[in-house]
Amino acid sequence: MTGRVWMLLPMHGEQHYLVGLDLAGRRVVVVGGGTVAQRRLPRLVAAGARVEVVSPEVTPAVQGIVDAGDAVWHRRRYATGDLDGAWYVLACTSDPQVNAQVTADATEQRVFCVRADVAVQGTAVTPAVGEHDGLLLGVLAGGQHRRSAAVRDGLLAALRDGSLHDQHEQLAGVALVGGGPGDPDLITVRGRRLLARADVVVADRLAPQELLDELPQHVEVVDAAKIPYGRAASQEFINTTLVDNAKAGKFVVRLKGGDPYVFGRGFEELIACAEAGVPVTVVPGVTSAFGVPALADVPVTHRGVAHEVVVVSGHVAPDDERSLVDWDALARLRGTVVILMGVERAGAFAEALRAGRPGDTPVAVVQEGSTRAQRVVRSTLDTLAADVVEHAIRPPAIIVVGPVAGLAQELPFRSS
């Protein structure tokens, strides 16, 4: 582990021993694939644990972690023996009997186990945790989850902006929060502050998942993930969830990847809330269209190279009748074209742009930008389709077309 671990315990009412576990390379078993698992998995993965999930079903967000190769999913019910060789166990199914059996098996094997539904019956508890500049903060308060979360939040706020947020501030309605391109450090200060005050969080798959583990235990997390070419929460379901919870007096944060209004359907959600009389706060975020290329040494504009940048949605092909893009005009432009959600149709987009641009026009493809799994593939319009296949590029990925995509080659100490 890096950095230091701060351990805060009240003088009375807390009997647990707070300790930092080094789980790197060690087997951790998570029994259950629901929202609790969704909240815990990102930090376990970040700690380097070999995570195995045992559950007949998982949420789309957990599915995304599995698909990324960060966890193994055993698609079945729990069975005695599943904990063999484990160093740490989380029992977080919706069935109390299963959780009890997992806890009993773990206790018999002398493996510490967190029981999510009845914490006092487990042999370990999860503190309210947060991370800042190499510091990992953990707070326990004798089962008073709101208290431990409030202390944690106050410390984080003091470290980040030098002041504690107003604990008596009354927040209402819905906040559309742009979470940035994926790295939890790239959310805005305001976005993080509002997230810490939420009663309900409706989170996208591309929102920074590690931030969910910092939420107080009482916060309800609603999975609104949209897996590319797979399962997806309907927009109607999302709108209804926002409105119904806000009307019930809860403060709802709609946590989205990137910026809420850049191909994020944020304005559709604002309209739904406005029609229902629900107040909305909009918190812009760092859009992946610009932030991700920057992290890959691709400036979307550069003096003397590109005087315009166009961001295009790649969810439909150039020849699709639903397309609203003038691809002939884009092909004639000399600046930068950034294509989001375009991996599946990369070849078709390259062909459309070759109608007005040279085949050797530089292209940069950035997969999972800003995360520890970021990959950058340098290509050209002529070779883009083949390179996407050769390098097994998969969503989420950003495609940047134009001279700016080749500038990194002038930086020998940074080029890739």
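1. A small spot to start with: Pro-396 sits in the loop between helix H11 (384-390) and S18. The peptide bond joining Pro-395 and Pro-396 is cis, with omega at about -5°. Most peptide bonds are trans, and most residues other than glycine have a negative phi. Please keep in mind throughout that this is a predicted model, so the cis bond is a feature of the prediction.

2. On the backbone again, three residues are worth a look for their phi values. Phe-263 is not a glycine, yet its phi is positive, at about 55°. You will find Phe-263 in the loop between strand S12 (252-256) and H7. Phe-263 counts as partly exposed because its relative accessible area is 42%.

3. Met-341 has a positive phi of about 55° and is not a glycine. Its loop runs between S15 and helix H10 (346-353). With a relative accessible area of 43%, Met-341 is partly exposed. The remaining residue of this group is Asp-297, just after H8, where phi is positive at about 60°.

4. That brings us to helix H8 itself. Which residues of H8 (residues 288-295) are buried? They are Ser-288, Ala-289, Gly-291, Val-292 and Pro-293. These buried residues pack against four strands, namely S14 (309-313), S15 (336-340), S16 (362-367) and S18 (397-401). Two of these names have come up above: S15 precedes the loop of Met-341, and S18 follows the loop of Pro-396.

5. Now for helix pairs. Two packed helices are described by the angle between their axes and the distance between those axes. For helix H1 (residues 35-46) and helix H2 (residues 60-67), the angle is about 25° and the axes are 9 Å apart. H1 is therefore roughly parallel to H2, since angles under 35 degrees count as roughly parallel. The crossing of H1 and H2 is left-handed. On the H1 side the contact uses Ala-37, Gln-38, Leu-41, Pro-42 and Val-45, and on the H2 side Ala-61, Val-62 and Ile-65. By class, the residues where H1 meets H2 are seven nonpolar, one polar and no charged.

6. The other pair is H6 (residues 235-247) with H7 (residues 266-275), which pack at about 45° with axes 9 Å apart. That angle makes H6 oblique to H7. Is the crossing of H6 and H7 left-handed or right-handed? It is right-handed. From H6, the residues Gln-235, Ile-238, Asn-239, Leu-242 and Val-243 meet Glu-268, Glu-269, Ala-272 and Cys-273 of H7. This contact of H6 with H7 has five nonpolar, two polar and two charged residues.

7. Next, the annotated site. In UniProt, an unreviewed entry carries the annotation "active site" for Asp-204 and Lys-226. Asp-204 is placed in the loop between strand S10 (200-203) and strand S11 (220-223). Asp-204 counts as buried because its relative accessibility is 16%, and the cut-off for buried is under 20%. Setting aside neighbours within four places in sequence, Asp-204 contacts Gln-209, Ala-224, Arg-254, Leu-255, Lys-256 and Gly-257. Among these partners, Arg-254, Leu-255 and Lys-256 fall in the range of S12 (252-256).

8. Glu-52 is another acidic residue to check, in strand S3 (residues 50-54). What is the relative accessible area of Glu-52? It is 14%, so Glu-52 is buried. Beyond residues up to four places away in sequence, Glu-52 touches Arg-27, Val-28, Val-29, Val-30, Val-72 and His-74.

9. Finally, have a look at Val-283 in strand S13 (residues 280-283). Val-283 has a relative accessible area of 2%, and is therefore buried. Its contacts, not counting residues up to four places away in sequence, are Leu-176, Val-177, Gly-178, Thr-188, Arg-190, Gly-191, Leu-194 and Pro-260. One of these partners, Thr-188, is 95 residues from Val-283 along the chain, and the C-alpha atoms of the two are separated by 8.1 Å.

Conventions: Residues are numbered from 1 along each chain as its sequence is written. This is a predicted model: local features need pLDDT of at least 70, side-chain atom pairs count only at pLDDT 80 or more; totals for chains, interfaces and linings use all residues. Side-chain values use heavy atoms; hydrogens and water are left out. Axes are lines fitted to C-alpha atoms, for helices over the stretch in contact, and angles run from 0 to 180 degrees between N-to-C directions. Helices (H or I, at least four residues) and strands (E, at least two) are DSSP runs, numbered from the N terminus. Angles under 35 degrees count as roughly parallel, over 145 as roughly antiparallel, 65 to 115 as roughly perpendicular and the rest as oblique. A crossing is left-handed if the near helix is turned anticlockwise from the far one by less than a right angle, and right-handed if clockwise. Contact means heavy atoms within 4.5 Å. Ala, Val, Leu, Ile, Met, Phe, Trp, Tyr, Cys and Pro count as nonpolar, Asp, Glu, Lys and Arg as charged, and the others, Gly among them, as polar. UniProt positions are given in the numbering used here, feature names are shortened, and annotations may be inferred rather than shown by experiment. Buried means under 20% relative accessible area, exposed over 50%, partly exposed in between (1.4 Å probe, protein chains only).
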